[in-house]
Amino acid sequence: MKELNFPFRDINRDILRTLEKPSIGYLVLLTGILAGVGVLGFCFATQVRYGMGVAGLNHPVGWGVYITDFVFWIGIGHAGTLISAILFLFRARWRNAIFRAAESMTIFAVMTALLFPVIHIGRAWLFWWLVPYPNQRELWVNFRSPLLWDVFAVSTYFSVSSIFFCIGLIPDIAAIRDRATGLRKKIYTMLSVGWDSSSYQWRHYMAGYGFFAALATPLVLSVHSVVSWDFAVSIVPGWHSTIFAPYFVAGAVFSGMAMVITILIPFRSIFKLERYLTPWHFDMMARLVLLTSTIVGYSYLTEYYIAWYSDDVFEKFIFWERAFGEYAVPFWLMIFCNVIAPLPLWSGKVRNNFTVLFIITIFVNIGMWFERFNIIVSSLTQEYDPFAWGWYTPSWVEMGITFGSFCWFFMWFFLFIKFFPSLAITEIKELAEPPMSGKAQKEAV
Amino acid sequence: MLREKLTENKGKNISALTGPVTGAVESLWTRFVGDMGSGQLVRYEPYSQAYMVKASELAFGQAAVPKVSLKGADLVCSLGAQFLETWGDVTALAREYAELRTVDHGKRGVHHQFEAKMSMTGASADKVHHAKPGSETLLALALLKEVAAASSHLSAEEKAMVNGMAGVSLADAATATGLKADDLKGVADALAHAKSAVVLPAEALILGDEVIRHHVAVLLLNKALGGIGKHYNYTASKPLERVPGHKPVLDLVAAMNNGQVDVLFIKDANPAYALPPSVGFADALGKVGLSVAFASNLNETSGIADLVIPVHHDLEAWGQVDTYQGLSMLQQPVMTPRWEMKQAEDQLIDLLNDVNSAAIEGNFQAYLKAEWVARHGGNWRDDLKKGGRFEMAESGENLSISGNLPAGYFSDVAAVSAGDHPLVLVDSARFGDGSTANRDWLHELPDTMTGVAWDSWLEVSSHYGHEQGLHNGDMVELSANGQSVKVPVFLCQTTSDKVMTLATGLGQTHLAPRHNRGVNAFTFLNGKLNDAELFSAGPMNAKISKTGEKVKMATFHLPGRGDQANTALSLYEGHDHQYTRDLHQTVAAASLGHGGGHGGGGHHEEMDPNSWFPIHTDKDFYPDRTDTKVYTDREETFYDTYKWELAIDLNKCTGCGSCVTACYAENNIPVVGKDQIVKGREMAWLRINRYLAFADDGHGGHGDVKVGMLPMMCQQCANAPCESVCPSLATYHTKSGLNAMVYNRCVGTRYCSNNCSYKVRRFNWFSFEYEGDQNWQMNPEVTVRSKGVMEKCTFCSHRIRVAGDLAKDKGGIIQDGDVQTACQQACPSHAITFGNYSDKNSEVYKVAHDERAYRALDSHIHTKPGVSYLKRVVLEEEHHG
């Protein structure tokens, strides 16, 4: 705790500094990112215009990079709510400094993930047919389909985490409002919904916050479980497995935490927030990455064990092929990135070395993307009928959309850090010495 | 202008070049050239059976092509004839062949095939003998010697005569063919002991200058086996005048070159494509005063004619086709003419009337009727209704060997040697003489043995290909006979090292751009006529050299990247049998007749471990719950009057692919083209799965290869994996047992296809547009799908609907046989049965309860498919462990 050493009165100034007039570097980056979003739009428009055939998908591989991206981004979207809700309930103090950034990342990751169900369907303009509501067409949806469960799981997760996120923002918006002038003042006044920091409001606020944290907690576990059932409920060898729900949740936390670290390391140094985001925070997050890495590694082994134990020809075959067949390279890449690369994190020195930590988390991000790719693609290529086997290579459209999805994600993140405090002012204040305490007075003198 | 020219040239040489026209069509053309001047009618077809006429004349004094039939045979031994694809009357032969394979009291007919490149016909055989090309005549003579010695069907005189001529020993034949003498002895014994054996000749195209002698030998062999009259029927034969050879067309070209032909009419013949290049037809055509082509599409010949007169397509025209004696068929239009034009014969009548004042009354329809009535009497309407006269003699006379054969007729027969890896041209069931190369459906249909669509390829054995460092799709320069072409190679595991093959029929230059592909194998034909006065090739010394170029080949066997190895199975050489995974099952003939089978319910039967495709003995991951009450009860209550099911007899299926194309035609399935097939996006609702199994040769290599064909379409599972995962309820189970597909409701998640264990669902990756006249090929009963929706086989549900409506009008229900699926209708060997499984008396119910019946994958994943397969019956002595 000794690293946390900042005076109470600096907090507002330091954190709200991120909202100041953007630098040239920021604008250049943002322009690049917007261009990337343009790539996404162009690729998607091409696909709508000509058909799904512009993607590399084929028969028998009906799902490829799009669903990989979907699961990847949903996974990224796990860390935020985990940190803000579960760790809040456990009163883990190290969450206070990082949860806002992580939570915003969650929202934007889910917003990115939500693109993919629309992008990947053959008739994207009819995606709303997947939503059950009484309509004059007298059409209804199939509640037996895991894809429909997805619709519910992801939309519930998105609405609850957005509300949770917005509620957490209110006191901070009020803090901005107090310093803002002109039009900004008006807007922030509106957004702060009459927050005056009275004890009365705080009492209700804390109760409500706790309530939402409790509500969001099961969703962290449920959403990726449901996503995993897209695969587990099917009878595709390599998908049909009961281990998928915990395996996917662990993987999601793994990739989510890694992404938080990946983003916060440069963020911390660019905005000079070293006082608030300390090695201690990163140490804690790295431990969580390490823990989930071992769970994921264990799951890989379990899958192989089950395949062998089942003695099912199809199951045994697909797991053999996954490691030594056409898609061996992504497989071993996944093993390296997710199981081997995080091993140095056992050392405290490594956890405190930001360069190494940054590199490891990049590996984890890559590895987790390929994990989903492996599960989806290698299982579909070689199913029951050998005559119907076939390989899949992504096309430029899928690559473009994947690239564009990263840009879309960072676009929101970049805009967010310029308009809202990306560290929770009020909760960081909880960590500092109160302004009227003796210690704080002494420091002020 | 044509009329002026004709008037100008009246009385001069006005000739005509047509396809093998017969009957009233021929008589009109003959009259036309006769009346107009001094020209003549020349008929030409690239694949002519004229050799059979000459051979028959020598052997039996009959200048005719016999009707060959396998009816009643218990052994068929083909020395190379691809009688299920290209040789003879393939549809009839396939039907008779299916009968031959039918098991009766643990026995069925046997099929030996001699060929270096395993054809689809060979794939059906019990034993393929990879004989070196060029040895066919020696082989026939050696067999003749063995069989004649023990024959009871030859008179003493005949026996002496045959013995005197056939001086080739089995050992000689073994050397020439590269086979074991014991194997040949085995075949000869089998022939001698068979109740009714048929020997079929080799494909004429590869016989070079030995065509006549080979066929004489084969005819004598059949005589010795007692098959003349029974299997080679000369009473119902094609007379000489119906099988034009190639000499007339060569004479015509000579006349053209000499400037003797003033006007040449061409119809239904494409000599500029199919004649050997050294004949120089194109140049000769330039020397004709005026060349006029009647055509419904441009090809290499009509494309260079001076004048092209568009005429009706055969579907819009009248005609007559006479083949065997007693078989005379009428052709009447099946559609209103699409454009305002006439059929070629109407044009002829007009020209005769205008230029020659012939005063023929009425059009060709009237002319045809008059001719028909004059020949067959007054019942024109009846004949038209029936489609013609079908009065062929069932069997013929057992002719004796004629005295025309000189004593030393076979004395100097020798094997044709053309190096270790000769090039051989083969006929193609899809393209043959090239006249069908403008058809998308045929291009899209993969070659059964290689799975290649939309291309020509040089087929070499995998072994030889690897030795030469070749890979699939490597462009090579192929030179033989002084000609050379660039063609991609395809490494094939079913072909032997003894040969390289190139199929005829592609390589056009004047069709639509997408149809001008591949190489023209006729380029390699000799410019000289052979002994049967035909252009032929024979085994050729060929040289191949790599060009360094590489093309992607569209092969169905492992799509995705298009340049994969031959099949998925070949990636795991030595372990192939594991990879059929019970989908294709076989059973030994002798083990039949003791009950068993899945009883119609989907039981998994332990198989004979000695069959070609041994099952794994691993325990099932999914317990068989077929008899669990909750399942059986559900089935009984769920289905109402109908539960539609299909059954396919794998013992009859030859893998020809007729059903596949029938399905394209019936269901408006889009043709996606080569680029999309390379990516694995063909749309076929029904495909032929082809599996290979290799016997161990004892030296770590391959022995015999066995081929399994499995038509695979939507299995209409009762526990369908696809139904439960569709989020928008676009696919669901109907009360009549169909796995219905509502295109309008589909948003295209493709989850159903991922979850389909049989991979029979097809996704519309694009909207496939039909332009102009292409819309005429659409079946109005079936929706044309657009991009983004899933589609698949629903057992021709539109036909079921029509039959249901008709039955309702009569106040009943659909009876067995009222509905036929398109694939069932097209199957030449009647391997497919369709009907209502709820009706215990239906054919499909009976077939599903056959002891050979099984349901694919059902024992593993309990999908309860609505399609039963009957195991292919193998012979005991053919077992591979």
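In this predicted model, B:Val263 stands opposite B:Leu290, a residue of strand S10 of chain B. The pairing to which these two residues belong is that of strand S9 (residues 263-267) of chain B with S10(B), which run in the parallel sense and are linked over five bridges. On its other pairing, S10(B) is joined by four bridges to strand S11 (residues 307-310) of chain B, and here too the strands run parallel. Within this second pairing, B:Val292 has B:Leu307 of S11(B) as its bridge partner, while B:Ala293 is matched with B:Val308 in S11(B). Strand S10(B), which spans residues 290-295, is mostly covered, since five of its six residues are buried.

These strands are part of an open sheet of five strands in chain B, arranged in the order S2-S1-S9-S10-S11 with parallel pairing. Strand S2 (41-43) and S11 of chain B stand at the edges of the sheet and have a single partner strand each, so one side of each is left without a neighbour in the sheet. Neighbouring strands of this sheet are turned against each other by 20° on average, when direction is ignored. Helix H2 (residues 23-36) of chain B packs on the sheet, where it touches strand S1 (14-18) and S2 of chain B, and the direction of H2(B) makes about 160° with that of S1(B).

The loop between S1 and H2 of chain B contains B:Val21. This residue counts as buried because it has 25 C-beta neighbours inside 10 Å, the cut-off for a buried residue being 20 or more. Leaving aside neighbours within four places in sequence, B:Val21 is in contact with B:Glu26, B:Trp29 and B:Arg43. In the case of B:Arg43, the two residues are 22 residues apart along the chain, yet their C-alpha atoms are separated by 7.1 Å.

Chain B also holds an open sheet of four strands in the order S6-S5-S4-S7, again with parallel pairing. Its edge strands are strand S6 (127-129) and strand S7 (197-200) of chain B, each of which pairs on one side only. From one strand to the next, the twist of this sheet averages 15°. Strand S4 (residues 75-78) of chain B runs parallel to S7(B) and is joined to S7(B) by four bridges, and in this pairing B:Leu75 has B:Ala197 as its bridge partner.

In chain A, the packing of helices may be described next. Two packed helices are described by the angle between their axes and the distance between the axes. Helix H4 (residues 78-89) of chain A and helix H9 (residues 199-232) of chain A have axes that come within 8 Å and cross at roughly 140°; H4(A) and H9(A) are therefore oblique to each other. The crossing in which H4(A) passes H9(A) is left-handed. Residues of H4(A) that meet H9(A) include A:His78, A:Leu82, A:Ile86 and A:Phe88, and the residues met in H9(A) include A:Ala213, A:Thr217, A:Val220 and A:His224.

Helix H4(A) also packs with helix H7 (residues 146-179) of chain A, at an angle of about 55° and with the axes 11 Å apart. That angle makes H4(A) oblique to H7(A), and H4(A) passes H7(A) in a left-handed crossing. In this packing, A:Gly80, A:Thr81, A:Ser84 and A:Ala85 in H4(A) meet A:Ser161, A:Phe164 and A:Gly168 in H7(A).

The largest nonpolar core of the model has 393 residues, of which A:Val260, B:Leu144 and B:Leu221 touch the most other members. The element that gives the most to this core is helix H10 (residues 244-270) of chain A, with 15 residues. Apart from neighbours within four places in sequence, A:Val260 is in contact with A:Ala79, A:Ile98, A:Ala101, A:Ala102, A:Met105 and A:Met285. A second, separate core consists of six residues, among them B:Val587, B:Ala588, B:Val873 and B:Val874.

The contact between the two chains takes 48 residues from chain B and 45 residues from chain A. On the side of chain B that touches chain A, at least two residues each are supplied by strand S25 (687-696), helix H22 (721-725), helix H23 (751-755) and strand S29 (762-763) of chain B. Of the elements on this side, H23(B) gives the most, with four residues.

Methods. Residues are numbered from 1 along each chain as its sequence is written. Chains are lettered from A and ligands numbered from 1 in the order in which they are written. This is a predicted model: local features need pLDDT of at least 70, side-chain atom pairs count only at pLDDT 80 or more; totals for chains, interfaces and linings use all residues. A nonpolar core is a set of buried Ala, Val, Leu, Ile, Met, Phe, Trp, Tyr and Cys residues joined through C-beta atoms within 7 Å. A residue is buried if 20 or more other C-beta atoms lie within 10 Å of its own, exposed if 12 or fewer, and partly exposed in between; C-beta atoms are placed from the backbone. Two residues are in contact if their C-beta atoms, placed from the backbone, lie within 7 Å. Two strands pair if DSSP finds at least two bridges between them. Axes are lines fitted to C-alpha atoms, for helices over the stretch in contact, and angles run from 0 to 180 degrees between N-to-C directions. Angles under 35 degrees count as roughly parallel, over 145 as roughly antiparallel, 65 to 115 as roughly perpendicular and the rest as oblique. A crossing is left-handed if the near helix is turned anticlockwise from the far one by less than a right angle, and right-handed if clockwise.
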